[in-house]
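Hello,

I am handing over a structure that you have not worked with before. Please look through it first and then read the notes under it.

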Amino acid sequence: AERVKTGIHRWIYDSGKAEYIGNVPYDEYVPVLNICALDYGIVPEEDRKRVEDRLIRNIVEEKENHLYGGIFAVHSAYEYLPKNGYADLAYQLIVEPSWPSFGWMVGEGATTRWEGFDRGSSDIHHFMGAVDNYFYRHLCGINFDGKEPGFRKILFRPHFIKDLDHAEATYQSIQGEIKASWVQTAPGVFEYKITVPPNTGADLVLPGDSQKLGAGNYVFTVNL
């Protein structure tokens with residue numbers, strides 16, 4: 001795997017531009033190459049900040065809060081961005097009302113996810129469904145621990161968005177029902193509720209706090 005990563009970086013990375021340009025270079029910046037390189041750990045640590053800054057500049061400034069890309073860009077963006085301090089930006093990309101965005105889809109009357117932003121194919125398709133991960137894994141914070149699969153241990157790591165009043169998710173795991181929700185009770189003050197099912201444990205990661213938990217129901221207050 002490391003040889004593959006090294007080879008990709010060697011052949012398609014432009015150090016002067018701090019971007020991955022593809023084996024056949026494009027005429028403009030290509031977000032999918034760079035967000036995937038970041039998310040898959042292809043970018044060497046010494047280059048990561050420059051590549052990340054270039055990506056954010058493209059999304060925020062050049063494309064005015066739009067992510068241009070399809071299935072692979074969506075999957076990596078809504079994993080990498082919230083994990084690296086950009087949960088608020090990820091939310092803004094989702095609800096952005098102008099094309100191309102999921103918010104634009106909703107504004108056009110979508111009640112399911114379309115196959116693409118041009119609505120040229122199926123009106124109900126999983127093609128860019130990875131955006132759902134953002135709501136469950138990053139907004140509400142329900143994650144699995146890869147060292148203890150099957151949700152024997154749960155990792156709760158929510159992101160609180162000041163533009164939202166509340167968020168709620170339930171996951172029916174093989175161990176039982178996992179719940180996580182939060183409500184913004186005052187500006188910057190959040191009440192976070194979780195349910196850890198029987199015979200499991202959990203690690204809780206909140207801003208400025210981390211705890212190990214057993215089965216049960218819990219309520220936490222977070223001040224941002």
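The notes below cover the pocket, the cavity and the nonpolar core.

This is a predicted model, in which local features need pLDDT of at least 70, side-chain atom pairs count only at pLDDT 80 or more, and totals for chains, interfaces and linings use all residues. Residues are numbered from 1 along each chain as its sequence is written, and side-chain values use heavy atoms, with hydrogens and water left out.

The largest pocket (an open set of points on a 1 Å grid over the protein atoms alone, with protein on both sides within 12 Å along at least five of seven lines) holds about 190 Å³ of space. It is lined by 13 residues (those with an atom within 4 Å of a point), and F102, G103, M105, V106 and R113 are the closest to its centre. Helix α6 (102-107; helices are DSSP runs of H or I, at least four residues, numbered from the N terminus) is one of the elements that supply at least two lining residues, and α6 gives the most, with four.

There is one cavity of 30 Å³ or more in the whole structure; a cavity is a set of grid points where a 1.4 Å probe fits but cannot get out. The largest cavity has a volume of about 50 Å³, and F102 is among its lining residues, as are L67, Y78 and F117.

F102 and Y78 also belong to the largest nonpolar core, which has 61 residues, and are among those that touch the most other members. Such a core joins buried Ala, Val, Leu, Ile, Met, Phe, Trp, Tyr and Cys residues through side-chain atoms within 4.5 Å, where buried means under 20% relative accessible area with a 1.4 Å probe, protein chains only.

Regards

Notes:
Grid points are joined across faces, edges and corners, and a volume is the space filled by probe spheres set on the points. Buried means under 20% relative accessible area, exposed over 50%, partly exposed in between (1.4 Å probe, protein chains only).
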